[in-house]
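Here's a quick briefing on the fold in front of you, grouped by topic. Have the viewer open and follow along.

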Amino acid sequence: MALKIIDHGSKEYQQMVDLRNEILRKPLGLLLTEEDINADKNNILIGAFEDEKMLGCCMLVKQPGQIVLLRQMAVIFDLQGKGIGRALMQFAENIARDMGYREISMHARKNAAGFYEKMGYRESSNEFTNLTIPHIVMKKYI
């Protein structure tokens, strides 16, 4: 499996949009908007690949100071639990650390909080609803 930063607008980026729609949006009756896609231009886009097929993805969104926000973590349904998410997280953390960030924060879906806890993240908010799904803010100092 290869982990890499991908370019906005590339063939790999289109795979990322398709995967995010399939895993994160379609189950909610939603699709990524043009506004979402345009906002991605400013983010660090990360993909996990086998040959040229994307297996999973996430992104880092720069914040003021030494905090970066992890967003849009998605792994192909049939491959979840196979270590792809863990590898993506470790890669994203290394990138963030190399760029000078000291904390990663996220709005984690409540049903995924256990995965993030295993990766060293801690809950730092009360539960809230976003896009009809329970979420929690989670953070990790890196």
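Start with α3: at 1.5 Å a residue, its 15 residues should span 21 Å, and the end C-alpha atoms are indeed 21 Å apart, so the helix agrees with expectation. Keep in mind that this is a predicted model. From here we'll go through the helices, the core, the pocket and a couple of loops.

**Helices α3 and α1**

- On α3, the buried residues are Ile84, Gly85, Ala87, Leu88, Met89, Ala92, Glu93, Ile95 and Ala96.
- An α-helix has 3.6 residues a turn, so residues three or four places apart point the same way.
- After α3 comes Gly100, which has a positive phi, near 95 degrees.
- α1 (11-25) gets the same length check: 15 residues at 1.5 Å each should span 21 Å, and with end C-alpha atoms 20 Å apart, that agrees.
- Buried on α1 you'll find Tyr13, Met16, Val17, Leu19, Arg20, Asn21, Ile23, Leu24 and Arg25.
- Those buried α1 residues pack against quite a list of elements: β1 (2-6), α2 (34-39), β2, β3, β4 and β5.

**A polar residue on α1: Asn21**

- Asn21 sits in helix α1.
- Is Asn21 buried or exposed? Its relative accessible area is 11%, and the cut-off for buried is under 20%, so Asn21 is buried.
- Beyond its neighbours within four places in sequence, Asn21 makes contact with Lys26, Pro27, Leu31 and Leu32.

**The largest nonpolar core**

- In soluble globular proteins, nonpolar side chains tend to be buried together.
- Here the largest nonpolar core holds 45 residues, and the ones touching the most other members are Leu60, Leu70 and Tyr116.
- Two or more residues of this core come from each of α1, β2 (44-50), β3 (53-62), β4, α3, β5, α4 and β8.
- Which element gives the most to this core? That's β3, with 7 residues.

**Leu70 and Tyr116 up close**

- Leu70 belongs to strand β4, and at 5% relative accessibility it counts as buried.
- Setting aside neighbours within four places in sequence, Leu70 is in contact with Cys58, Met59, Leu60, Met89, Ala92, Ile104, Ser105, Met106 and Tyr116.
- Leu70 and Asn43 are 27 residues apart along the chain, with 9.9 Å between their C-alpha atoms.
- With the same kind of neighbours left out, Tyr116 is in contact with Leu70, Met73, Met89, Met106, Ala108, Tyr121 and Met138.

**Ile44 on β2**

- Ile44 lies in strand β2 and, at 9% relative accessibility, counts as buried.
- Not counting residues up to four places away in sequence, Ile44 touches Ile5, Cys58, Met59, Leu60, Lys62, Ile95 and Met99.
- Compare its position with Ile76: the two are 32 residues apart along the chain, and their C-alpha atoms are separated by 20 Å.

**The largest pocket**

- Rolling a probe the size of a water molecule over the atoms shows where empty space is left.
- The largest pocket comes out at a volume of about 870 Å³.
- Its lining has 33 residues, with Leu24, Met73, Arg109, Ala112 and Tyr116 nearest the centre.
- Elements that each supply at least two lining residues are α1, β4 (67-75), α3 (84-98), β5 (103-109), α4 (113-118) and β8 (133-141).
- β4 has the largest share of that lining, with 7 residues.
- By type, the lining splits into 19 nonpolar, 9 polar and 5 charged residues.
- Tyr116 turns up twice in this story: it is one of the residues nearest the pocket centre, and one of those touching the most other members of the largest nonpolar core.

**Positive phi in the loops**

- Most residues other than glycine have a negative phi, and most peptide bonds are trans.
- Asp51 isn't a glycine, yet its phi is positive, about 55 degrees.
- You'll find Asp51 in the loop between β2 and β3, where it is exposed, with a relative accessible area of 73%.
- Thr132 isn't a glycine either, and its phi is positive at about 70 degrees.
- Thr132 lies in the loop between β7 (128-130) and β8.
- Is Thr132 buried or exposed? Exposed, with a relative accessible area of 69%.

Notes
Residues numbered from 1 in each chain as written. Predicted model: local features only at pLDDT ≥ 70, side-chain atom pairs only at ≥ 80, totals over all residues. Heavy atoms only, no water. 1 Å grid on protein atoms, 1.4 Å probe; cavity = no way out; pocket = protein on both sides within 12 Å on 5 of 7 lines; lining within 4 Å. Points joined across faces, edges and corners; volume = space filled by probe spheres on them. Helix = DSSP H or I, 4+ residues; strand = E, 2+ residues; numbered from the N terminus. Nonpolar A, V, L, I, M, F, W, Y, C, P; charged D, E, K, R; others polar. Buried < 20%, exposed > 50% of the residue type's maximum accessible area, 1.4 Å probe, protein only. Contact = heavy atoms within 4.5 Å. Core = buried A, V, L, I, M, F, W, Y, C linked by side-chain atoms within 4.5 Å. Expected span 1.5 Å × (residues − 1).
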